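Hi,

Here is the model I promised to pass on to you. Please have a look at it first, and then read on for what turned up when I went through it.

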Amino acid sequence: LRVWGVDTQLRLSNASLLLVNATSLLAAETAKNLVLAGVGSLTVVDNTPLSSPTRPASNTNNYLANAASSSSDSHETYGSALAASLQELNPLVRVHHVCTSASSLSADTLAGATLVAAFGLSTADFDSISRLCRAQSKPYYLGASAGGYAFWFSDLGDEVQYEGDGKEAGRMLSKRFVSLKDALAADWASMPRRMTKG
């Protein structure tokens with residue numbers, strides 16, 4: 001509360017996050033931090049079996065799902081295991097699980113979300129969710145990590161209004177975001193260095 005203030009905490013406690021793909025470490029960390037901070041509700045969307053012949057339960061980076069799966073046999077998917085672990089971390093947050101794949105995500109599933117975050121999916125799944133979010137004007141974040149490599153992408157809509165700070169304090173500013181499809185289609189080699197550096 002000392003870090004971001006009462007207004008931000010109230011906005012966070014009224015927010016509903018839809019998190020897609022519970023197998024990734026990035027998803028586990030993001031969900032854990034938001035649940036501990038007091039997000040209003042979090043819905044985990046994932047139908048990946050906890051254990052299969054090609055992927056044993058211990059072969060994932062999601063330590064929260066692994067912990068829940070080792071302590072109980074009642075969890076059949078990474079999503080249900082992650083949801084159970086998150087609920088234990090903060091009983092005041094409403095945590096839900098939707099057992100479906102990223103490729104089967106529908107507009108109805110997104111309807112109640114304040115924002116959507118997807119992790120470690122294929123480009124086709126990332127793009128499909130991006131189109132759904134754009135159609136419903138939902139802020140969309142996506143990311144993936146592997147070893148020392150990671151990327152993050154934000155699409156908050158065509159134009160976002162926000163109040164400036166510092167030299168811009170008291171002024172309403174706006175920022176434009178491109179869709180994932182447009183970002184992937186861009187000729188990155190012709191962009192100025194300041195736009196492409198990490």
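A word on naming first: helices here are DSSP runs of H or I with at least four residues, numbered from the N terminus. Please keep in mind that this is a predicted model.

Let me start with helix α6, which covers residues 123-135. Is its length what one would expect? What one can compare is the rise and the span: at 1.5 Å a residue, the 13 residues of α6 should span 18 Å, and the end C-alpha atoms are indeed 18 Å apart, so the two agree. After the helix comes S137, which has a positive phi near 55°.

The helix also has a good number of contacts to look at. α6 lies across β1 (16-20), β4 (115-119), β5 and β6, and runs at about 165° to β5. Its buried residues are D125, F126, D127, I129, S130, L132 and C133. These pack against β1, β4, β5 and β6, and also against the helices α5 (107-110) and α7 (180-185).

Now to the sheet. It is open and has 6 strands in the order β3-β2-β1-β4-β5-β6, with mixed pairing. The edges are held by β3 (94-98) and β6; each has a single partner strand, so one side of each has no neighbour in the sheet. On average, neighbouring strands are turned by 15° against each other, direction ignored.

At the β6 end, strand β5 (residues 140-146) pairs with β6 in the antiparallel sense over 7 bridges. To find the register on screen, look for Y140 opposite D155 of β6, and for Y141 opposite S154 of β6. The hairpin of β5 and β6 has 2 residues between the strands, and G147 takes a positive phi near 60° there.

The aromatic residues link several of these parts. The structure holds 4 aromatic pairs. In one of them, the rings of F126 and F151 have their centres 6.1 Å apart and their planes at 85°, which makes the pair edge-to-face because an angle over 60 degrees counts as such. F126 belongs to α6 and F151 to strand β6 (residues 149-155), so this pair ties together parts that are 25 residues apart in sequence. F126 is buried, with a relative accessible area of 4%, while F151 is partly exposed at 29%. F151 also pairs with Y149: this pair is tilted, with 6.4 Å centre to centre and 40° between the planes. Y149 itself counts as exposed, at 53% relative accessibility. Elsewhere, F119, Y141 and W152 form one aromatic cluster.

Last, the cysteines. How many disulfides does the structure hold? The number is 0. Two cysteines that you may want to click on are C99 and C133: C99 counts as exposed because its relative accessibility is 53%, whereas C133 is buried with a relative accessible area of 1%. C133 is also one of the buried residues of α6.

If you would like a place to begin, try the pair of F126 and F151, where α6 meets β6.

Best wishes, and happy browsing!

Methods:
Residues are numbered from 1 along each chain as its sequence is written. This is a predicted model: local features need pLDDT of at least 70, side-chain atom pairs count only at pLDDT 80 or more; totals for chains, interfaces and linings use all residues. Side-chain values use heavy atoms; hydrogens and water are left out. A disulfide is a pair of cysteine sulfur atoms within 2.5 Å. Buried means under 20% relative accessible area, exposed over 50%, partly exposed in between (1.4 Å probe, protein chains only). Rings of Phe, Tyr and Trp (its six-membered ring) pair if their centres lie within 6.5 Å; planes under 30 degrees apart count as stacked, over 60 as edge-to-face and the rest as tilted. Two strands pair if DSSP finds at least two bridges between them. Axes are lines fitted to C-alpha atoms, for helices over the stretch in contact, and angles run from 0 to 180 degrees between N-to-C directions. Contact means heavy atoms within 4.5 Å. The expected span of a helix is 1.5 Å times one less than its number of residues.
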